[in-house]
Amino acid sequence: MSGKSPRVVPIGAVAAGSLLWTVRSRLQLTVVVKIELAIVHDAHMVVLAPTPLTTRDVHRDDDPTKSLLRANDLVPFRTQADVWLTGHAHAPSRNPVRVGLSRLALYQGSQPLLDKAVHVYGDRDDEKAQPEPFVSMPLLYERAYGGLG
């Protein structure tokens with residue numbers, strides 16, 4: 001990394017910044033723009049107030065073996081945009097379910113830009129047991145199928 005990054009002035013409900021760096025003795029500039037959206041059931045997402053850019057990786061309980069809560073936004077290069085889904089899966093109408101589905105789909109007109117789904121299961125004592133019913137379940141890496149291993 002070298003030099004002082006130019007100031008980026010955000011317009012609208014976004015956070016923005018820049019990072020000046022070098023590769024093969026060539027000066028490069030990365031501009032970062034971050035928007036945060038809230039998902040609303042059967043409605044358009046809501047734009048949230050911007051939060052400052054994250055300047056270091058932040059893990060659950062400050063433990064690097066646990067879920068990454070926020071990644072460093074100021075990295076020199078990314079091949080594509082990052083999309084983070086955080087929060088909880090909620091049972092419809094607050095009626096407990098054993099298995100649920102959380103889906104994130106982003107469209108530009110009728111063109112899908114992103115369409116991802118997460119199957120959410122209630123807690124289990126072992127692999128053969130039925131999942132316990134839940135109303136709300138956190139979406140965490142530690143809960144992923146197969147566990148940490």
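Three short exercises with worked solutions follow.

The model is predicted: local features need pLDDT of at least 70, side-chain atom pairs count only at pLDDT 80 or more, and totals for chains, interfaces and linings use all residues. Residues are numbered from 1 along each chain as its sequence is written, and side-chain values use heavy atoms, with hydrogens and water left out.

**Exercise 1.** Find which elements the salt bridge between R60 and E142 ties together.

*Solution.*
- Step 1. A salt bridge puts a side-chain nitrogen of Lys or Arg within 4 Å of a carboxyl oxygen of Asp or Glu.
- Step 2. R60 and E142 meet this with an N to O distance of 3.5 Å.
- Step 3. R60 sits in the loop between β5 (58-59) and β6 (68-70) and E142 in the segment after β10, so the pair joins parts 82 residues apart in sequence.
- Step 4. The structure holds 6 salt bridges.

**Exercise 2.** Locate D123 and its salt-bridge partner.

*Solution.*
- Step 1. The partner is R143, with the closest N and O atoms 2.8 Å apart.
- Step 2. D123 lies in the loop between β9 and β10, R143 in the segment after β10, 20 residues apart.

**Exercise 3.** Decide whether T30 is buried or exposed, and find its side-chain contact.

*Solution.*
- Step 1. Buried means under 20% relative accessible area, exposed over 50%, partly exposed in between (1.4 Å probe, protein chains only).
- Step 2. T30 has 15%, so T30 is buried.
- Step 3. T30 belongs to strand β2 (residues 26-34).
- Step 4. The T30 side chain reaches the backbone oxygen of P76 at 2.4 Å.
- Step 5. For contrast, R26 is also in strand β2, but R26 is exposed at 58%.

Definitions and conventions
Helices (H or I, at least four residues) and strands (E, at least two) are DSSP runs, numbered from the N terminus. A polar contact is a pair of N or O atoms within 3.5 Å; within protein, one must be able to donate a hydrogen and the other to accept it, and residues adjacent in sequence count only if both atoms are side-chain atoms.
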